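Please look at the model shown below before reading on, and try to trace the chain from its start to its end. The paragraphs after it are written to be read with the structure in view.

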Amino acid sequence: MRSRVSAAAAKLLTTTRPEDALFGDVVVDATWDAGAGADLDVAVIDPSGKRMSWASAARSVRARDCTSRTHEALAVSSGAAGAFIVEVVRAEGREGTLPVSGKLRITSLGRTQTVPFTLVGQRDQVARVDVRFESRLESLSSW
């Protein structure tokens, strides 16, 4: 049993390094059709209207595969509640308007959802993530 667990752990370490792991309040992992030859970027607009992408100056943004023509991952940490808008944008406006299809795997607060998209123009708001905090009163009688 120990050797099987060690082998499984070694396999994970060779495929995903801990320093490559993305984490945040909203994590978007985008993949799209390689045949389109398009360089797409992912952005998240927070509830205050601040646009965050791999090129933003915000310290709370982590990204991977930013120049890939098939994949990009973006994680933002905000601590804010409200609507976060996920946007897909062509990296360079002169790439044309041929449709590019793909999917976003969006994770927030322990929930993951996959959202398909087809980008026809230069940019599109593809998903909305509503983050809210709820308080509840717990009884101390169990102490």
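What follows leads from the strands and sheets to the core, and then to two loop residues and the salt bridges.

This is a predicted model, in which local features need pLDDT of at least 70 and side-chain atom pairs count only at pLDDT 80 or more, while totals for chains, interfaces and linings use all residues. Residues are numbered from 1 along each chain as its sequence is written, and side-chain values use heavy atoms, with hydrogens and water left out.

We begin with the strands, which are DSSP runs of E with at least two residues, numbered from the N terminus. Strands of a sheet pair through backbone hydrogen bonds, either parallel or antiparallel. Here two strands are said to pair if DSSP finds at least two bridges between them. One open sheet is formed by 5 strands in the order β4-β5-β1-β7-β8, with antiparallel pairing. Because β4 and β8 stand at the edges and each has a single partner strand, one side of each is left without a neighbour in the sheet. On average, neighbouring strands of this sheet are turned by 15° against each other, direction ignored; for such angles, axes are lines fitted to C-alpha atoms, and the angles between N-to-C directions run from 0 to 180 degrees. Within this sheet, β1 and β5 are joined in the antiparallel sense over 6 bridges, and Asp-29 stands opposite Ala-73 in β5.

A further open sheet consists of 4 strands in the order β3-β2-β6-β9, and its pairing is antiparallel. Its edge strands are β3 (51-53) and β9, each of which pairs on one side only, and the twist from one strand to the next averages 25°. Between β2 and β3, which run antiparallel, there are 3 bridges, and Ala-43 stands opposite Ser-53 in β3.

Where in the chain is Val-28 found? Val-28 belongs to strand β1, which covers residues 26-32, and with a relative accessible area of 0% this residue is buried, a word that here means under 20% relative accessible area, whereas exposed means over 50% and partly exposed lies in between (1.4 Å probe, protein chains only). If its neighbours within four places in sequence are left aside, Val-28 is in contact (heavy atoms within 4.5 Å) with residues including Val-42, Val-44, Leu-74, Val-86, Leu-104 and Ile-106. The C-alpha atom of Val-28 is separated by 9.6 Å from that of Thr-114, although the two residues are 86 places apart along the chain.

Val-28 also leads us into the core. A nonpolar core is a set of buried Ala, Val, Leu, Ile, Met, Phe, Trp, Tyr and Cys residues joined through side-chain atoms within 4.5 Å. In soluble globular proteins, nonpolar side chains tend to be buried together. The largest nonpolar core has 26 residues, of which Val-28, Leu-40, Val-86, Leu-104, Ile-106 and Phe-117 touch the most other members. At least two residues of this core come from each of β1, β2 (40-45), β5 (71-76), β6 (82-90), β7 (100-108), β8 (111-119) and β9 (123-131). Leu-40, again leaving aside neighbours within four places in sequence, has contacts that include Trp-32, Val-88, Val-100, Phe-117 and Leu-119.

Two loop residues deserve a look at their backbone angles. Asp-65, in the loop between β4 (61-64) and β5, has a phi near 60°, a positive value in a residue other than glycine, and Asp-65 counts as partly exposed at 37% relative accessibility. Leu-109, which lies in the loop between β7 and β8, likewise has a positive phi, near 50°, and counts as exposed because its relative accessibility is 56%.

How many salt bridges does a search of the whole structure find? The search finds 5, where a salt bridge is a side-chain nitrogen of Lys or Arg within 4 Å of a carboxyl oxygen of Asp or Glu. In one of them, the side chains of Arg-123 and Glu-87 meet at 3.0 Å, N to O. This pair links distant parts of the chain, since Arg-123 is in strand β9 and Glu-87 in strand β6, 36 residues apart. Arg-123 is partly exposed at 47%, whereas Glu-87 counts as buried at 5% relative accessibility. Another salt bridge joins Glu-134 to Arg-132, with the closest N and O atoms 3.1 Å apart; Glu-134 is exposed at 65% relative accessibility, and Arg-132 is exposed at 61%. Finally, salt bridges that share partners join Arg-51, Glu-87 and Arg-123 into one network.
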